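Here's a quick tour of a protein model, going from its cores to a helix and then to a single residue. Have a look at the structure first.

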Amino acid sequence: MTGINVLFFSPVLTRTWLIVVCFLMPWFAFAQDAPRTLDAGWQYRWGDSPFDATGTPEWVLENAEQAAWRDIDFPSNPPGRDGQRNVWYRVTLPDGAWRDPVLYIYSVDLIAEVYLDGKRIYHYGTFDQDGQGQFEGWPWHQIDLPAEFSGKPIYFRVYSSYSDIGLWGEVMLMERLDLYQKIVVGSTEQIVIGGLSLLISLVALMFALVQSERRAYLLISLFTLASSIMLLSQSQMKQFVFNAPLVWDHFGATAYFSLPIIMALLFGTWCRGRHMKLITPIWIGHSGFVVFAIGGSVAGLLELSSLYLVFDALLTFSLIVLFTVAFSRFKSVANEVKAVIVTFAVFSLFLLVDMGVAHNVLPWTRMPIAWGLLVFSLAMIVISLRRFALTQQALVELNATLEQKVDDRTKELELLASVDPLTGMTNRRAFYEEAERIFQSSKRYGRNMSVLMLDIDHFKRINDTYGHAVGDQVLVEIASCFRQVCRETDLPARFGGEEFIVLLQEADQDAALKTAERLRQAITAINVVGSENTITASIGVSQLNEETNKLDGLILRADKAMYSAKAKGRNNCQVG
């Protein structure tokens, strides 16, 4: 039994204590590396490895053929699948200092085995003698790593009959307790919104029992209940409560497959007459699909993973029909119904994007599907409660306003912390955070990188002669020159006062000098109202080399080159 299974089947008290420890972890100063995302250095190989007499896959051995491996950005859906159901991935684990290291994978399509040093250290699902297996659900994975793993290749054997094949979402190397903290914190949104949806469902059910509009309230209750079940089944915390991924996936699929049934019935309460001929087949068809899909999957006749593509295609068609009906009646319905239709449109957009991510049409991201469901649920319950409980409506609106204010304030503070308010450029602190990451990556993989350090010539004289307002305008215009000259991959910043810096990725000394010269010429063309002198700048250039071990060393060389440019008469570029 793996370490994570021991955790899952431990007593409730132990799991509760673990969650408490996860939240207390930031208060302890353990000497360990930060979590690392494994987003580079991956390779893949189609097919399945033969096994030697000892049961070891030959592809993981040192003397195995290496030419068949191909590079890939992320271990998912390599090119040229052509009906393949087996694939192998590998990556070299980085060096680092971890106390209790584990490998975290967001999800796997569909089953996998993991090998290190020729030994199987993890498996999810069971491979038969043909290298195939049954769908076991979509949990997150924790792979325990031995003490001596640094610098060693780790291999992933994957089987999938699904549209996607490989690892999915995120792959991270981290401390065990960091992982548990990540799971707990990352699940908070879904748990909170799922709990709120349950509360809304209960309130709507109570109104259905005592008010005359029972049908509308009952449908609202069912929709919010289904939404809540879907959110809670998607929460990664569920595996701490009950480690049965396929059971959770059946709960989530039932709720997800039921949503269009309830939506169609709700639309039917607003759109009478001839439109019912379009709406009725939708909820009847989806009802039949739920019975067929879930019943067949539970009975072992169908594989749940293969049903999502069919359902999503059916749901996309249903959404088109529902929106056609809804907007054809948009002008004639009440304002409250218009609000529900609009929020439903927002939720549907989130849902369609989430489909695109799930089926690898769009790049992987965590869509805020929970918020889309919450907005739609709140809109429906607010309409009902407004007629009978104005106080309840006020509380809902107040909560939404406070959440928006907190979100706006958070974004404002994040912007202030990373952007120079005068020029709109990245500030020094934010520059160092991003530049250090680029520097380490360029150093590790032997990529070119250069730094330009720029200082405005006689800037104090400009301020003293024309005033600080003109000086500020000069800084703003120079920032505009950076935007004109720099590439999207470059990292320009205001370093302080009249000094500017720019990090050039994939740029050798010659390319950096050309960029510096274009920048110098652009600055001499600046025409600031109130200033009669030509604005010039001195620029120093430094290139990453084998002797450069720290980012500050690279910046210092550029800084010295800049002072050399000033010593040689200013308004020129020098290499350090």
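## The cores

Which residues have the most contacts inside the largest nonpolar core? They are Y256, F257, L259, L322 and F344, in a core of 43 residues. A nonpolar core here is a set of buried Ala, Val, Leu, Ile, Met, Phe, Trp, Tyr and Cys residues joined through side-chain atoms within 4.5 Å; buried means under 20% relative accessible area, exposed over 50%, and partly exposed in between (1.4 Å probe, protein chains only).

Two or more residues each come from α4 (214-234), α6 (245-270), α7 (276-298), α8 (307-328) and α9 (335-358), and α6 chips in the most, with 12. There's also a second, separate core of 31 residues, with L454, V502, V528 and A537 among them. Helices (H or I, at least four residues) and strands (E, at least two) are DSSP runs, numbered from the N terminus.

## Two sides of α13

Helix α13 (residues 459-466) buries F459, I462 and N463. These sit on the same side of α13, because they cover an arc of only 95° around the axis (taken from the directions from the helix axis to the C-beta atoms). K460, D464 and T465 are exposed on the other side.

The cover over the buried residues includes β11 (449-456) and α14 (468-485), with contact meaning heavy atoms within 4.5 Å. Right after α13 comes G467, with a positive phi near 100°.

## W168

W168 belongs to strand β10 (residues 166-175) and counts as buried, at 17% relative accessibility. Its C-alpha atom is 8.7 Å from that of F74, although the two residues are 94 apart along the chain.

## About the model

This is a predicted model: local features need pLDDT of at least 70, side-chain atom pairs count only at pLDDT 80 or more, and totals for chains, interfaces and linings use all residues. Residues are numbered from 1 along each chain as its sequence is written, and side-chain values use heavy atoms, leaving out hydrogens and water.
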